[in-house]
Amino acid sequence: MNWFRNAAIGLTVAICASTPSFSNEIGNASDGEKIWSECKSCHALGEGAKNRVGPHLNGIFGRRAGSEEGFKYSNGLARMGKDGLIWEFDLLDRYIENPKAFASDTRMSYRGLKDEQKRADLLAFLRRYSDNPGDIPEAAPTAAGTDHDVDPAILAIQGDPEYGEYLSSECTSCHQMTGDNDGIPGIIGWPAEDFVIAMHAYKDKFRPHPVMQMMAGRLSNDEIAALAAYFEEVEP
Amino acid sequence: MKINRRLFMGGAAAGAAATTLTAPVVHAAGHGKPKVVVIGGGAGGATAARYIAKDSKGEIEVTLVEPSRSYYTCFFSNLYMAGFRELGSIAHSYGKLASEYGINVVHDWAIGIDREARTVSLAGGATLNYDRLVLSPGIDFVDGAVEGWDVTHQNAMPHAYKAGSQSELLKAQVEAMPEGGTFAMVAPPNPFRCPPGPYERISMIANILSKKNPTAKIIIADPKEKFSKMALFQDGWSRHYDGMIDWIGGDFGGGNVSVNPHDMTVTIDGEETKVDVCNVIPAMKAGKICDMAGITEGNWAPVNPHTMQSRVDENIHVLGDASQQGDMPKSGFAANSQAKVAAMAVRSALTGSKLFPAKFTNTCWSLIDDNDGVKVGASYEATDEKIAKVDGFISAVGEDAELRQATYEESVGWYAGITSDMFG
Ligand SMILES: Cc1cc2nc3c(=O)[nH]c(=O)nc-3n(C[C@H](O)[C@H](O)[C@H](O)COP(=O)(O)OP(=O)(O)OC[C@H]3O[C@@H](n4cnc5c(N)ncnc54)[C@H](O)[C@@H]3O)c2cc1C
């Protein structure tokens, strides 16, 4: 929604001018940690966290939107960052509530979290990794972040991108090669390992989507590796 | 069946990611680049043209013959009728296929195919040569399928089974129905384009009527005893449109139908009813050009599932609704999936590119009411005999509203994805 986006950008200016206030507890961080399990299939957090399908979220509070080096953001988020959007509680809260309303072309394929308390809890949890990077808890919850364990031998398979390109024509009946998400997530430019983990999570029927379970179910380990190798290289 | 030696079939091929099978390069008739002509710029033809042009990187000259300048997708045309989509949002032009993929788009009708000479003649008088011909002309109606109706009656009793002006007409007629009026549908026998299509349409028409004309009635005369996603539709109809829809199946005389477009009556199993709108969806057959090419058996054109080559002429590939391939439904998704297999086979034959084992998929989403979406899908493989179903799934009765909404939103994403896969 345009109105929303403008509102968000307008707000930024105000926020940039004021000093960030992290003083009071915004939610219950340990409840938030449970909600985080939904996020961690794409985002890493904690010591050693790297960008994955989504950017790592260490230090997200106070970070400029679209600024994490090496991560391919949607044009919309990158532009908001250039326009000066700094992630603070209110903006993160709105973004998580309905990502597409906030940034219509966002690559984050998350439906949004409507419950205000749950958002507050999640943000309280996330803020632990922002307030003071020195205090990041040692037992990082998900630095390697994944919702599904895959045999290292499978992760080690080197995919053939040319074969992946052929196989990809089955994916592009639904997933857009621009990476746009109009109801079906973009899958281009994902780190190969995340792609492999996601596909095996469907193949093992750990993730629930029936179309994806069917598609992944008949792909061999080599075919999944080939697709991962191909899609990793695709630019929007 | 004549087996093309260049094919790569059977168990030995399964999962052979690294197998390279380089076919002998077949030189073009005459000289210059090999030529492919695609007839029909719909779901199957547009995809095939785009993939052949894109993946051959200029090595193959592709001509697409399609009379319309804008293609209106039948998929989502039911949603248009209920106001969930604008008409413009289901229209697609051929501009990108020409400008980004270098396809020669010719807006004309193919009116003849000379298989010996490998030429296509166009209504405008031109003749095109081909090394390979791809036919994806969709459907035509079987003459005399519904007593009292032929195509000249499509204004009084629209079929709206080719999208565009027919969809607009049917929508306008439904909106103009008198209070408490009657809408009738004559549903087609199997096999036909889009098995859930008529029932999604009923859902969408009930959706309009329940808002604007809640005492109106809907009657469906159906020659079949069951239909696609039947339990899901019937559950949805009773939840959202209770008492509005009367489905008369084959076991209750639903197949014994005649219509009178002048008096606007429908007679079902001897009982005549005066109706306000009548949507006649007759029995279907492959687009007429298939008959003209002499590649049909009965109503459809049989194909080799590994490559979508006609069983009659290996220089012709037939895709989509017109083909008789086995287990896949006649859908836009299926046509798109088959087109990719055919495109690979055409490239392999003409340029010697790799031929991988054929894989097919289909998923059909249907909308029953606002945010109440359901889906059915399956995966398929090529056997020597047919395209055979491997695995499948279907939405369940009793799913929660959130899942149904997610299914609908997913269908919107699918529409964006598949149309960009077809038209660039
Ligand atoms: C109401 C309805 C809802 C549907 N919903 C869905 C859905 O949700 N999902 C889905 O996957 N499918 C759906 N379908 C089915 C889908 O539209 C068809 O299966 C699909 O269009 C078939 O593709 P095709 O290439 O075989 O034919 P078409 O898409 O019909 O394309 C054929 C093209 O060939 C052209 N042509 C014909 N003869 C000639 C000639 N002699 N010379 C040149 N050009 C010619 C025509 O002008 C046409 O553009 C629906 C269909 C209907 C009617």
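In which loop of chain B is B:R118 found? In this predicted model, B:R118 sits in the loop that runs between β6 (110-114) and β7 (119-122) of chain B, and its phi is near 55°, a positive value in a residue other than glycine. A second local feature of the backbone belongs to another loop of chain B, the one between β11 (182-186) and α5 (197-212), where B:P191 has its place. The peptide bond that leads from B:N190 to B:P191 is cis, and its omega is near -15°. Both features deserve a careful look, because most residues other than glycine have a negative phi and most peptide bonds are trans.

From these details one can step back to the layout of chain B, which is divided into domain 1 (33-140 + 284-356) and domain 2 (149-280). Taken over C-alpha atoms, the centres of domain 1 of chain B and domain 2 of chain B are separated by 30 Å. Where the two domains meet, 20 residues of domain 1 of chain B are in contact with 21 residues of domain 2 of chain B, and the area buried between these domains is about 1900 Å², with carbon and sulfur atoms giving 65% of it. On the side of domain 1 of chain B, the residues B:N78, B:M81 and B:M284 supply 35% of the area that this domain buries against domain 2 of chain B, which is more than any other three residues supply.

The ligand can be placed with the help of this division: it lies between domain 1 and domain 2 of chain B, because both of them give residues to the shell around it. Of the 34 residues around the ligand, the ones that come nearest are B:E66, B:Y71, B:S136, B:R193 and B:D321. By character, the residues of the shell divide into 17 nonpolar, eleven polar and six charged. Several helices of chain B take part, since α1 (43-56), α2 (77-81) and α8 (332-351) each supply at least two residues of the shell, and the largest share, three residues, comes from α8(B).

Individual atom pairs fill in this picture of the ligand's surroundings. A polar side-chain atom of B:R193 lies 2.5 Å from an oxygen atom of the ligand, while an N or O atom in the side chain of B:D321 is 2.8 Å from an oxygen atom of the ligand. B:S331 takes part through its backbone, with an N or O atom there lying 3.4 Å from an oxygen atom of the ligand. Of the 990 Å² of accessible area that the ligand has on its own, the protein covers 93%.

Chain A can be read in a similar order. Chain A is divided into domain 1 (22-144) and domain 2 (152-233), and the C-alpha centres of domain 1 of chain A and domain 2 of chain A lie 25 Å apart. Their contact takes ten residues from domain 1 of chain A and ten residues from domain 2 of chain A. Between them these two domains bury about 800 Å², with 48% of that area on carbon and sulfur atoms. Within domain 1 of chain A, the residues A:R52, A:V53 and A:R107 supply 49% of the area that this domain buries against domain 2 of chain A, more than any other three residues.

Note on methods:
Residues are numbered from 1 along each chain as its sequence is written. Chains are lettered from A and ligands numbered from 1 in the order in which they are written. This is a predicted model: local features need pLDDT of at least 70, side-chain atom pairs count only at pLDDT 80 or more; totals for chains, interfaces and linings use all residues. Side-chain values use heavy atoms; hydrogens and water are left out. A residue is near a molecule or strand if one of its heavy atoms lies within 4 Å of it. A polar contact is a pair of N or O atoms within 3.5 Å; within protein, one must be able to donate a hydrogen and the other to accept it, and residues adjacent in sequence count only if both atoms are side-chain atoms. Accessible areas come from the Shrake-Rupley method with a 1.4 Å probe; for residues, only the protein chains shown count as cover. Helices (H or I, at least four residues) and strands (E, at least two) are DSSP runs, numbered from the N terminus. Ala, Val, Leu, Ile, Met, Phe, Trp, Tyr, Cys and Pro count as nonpolar, Asp, Glu, Lys and Arg as charged, and the others, Gly among them, as polar. Domain bounds come from an automatic or database domain assignment. Contact means heavy atoms within 4.5 Å. Buried area is the accessible area (1.4 Å probe) that two parts lose on being put together, summed over both.
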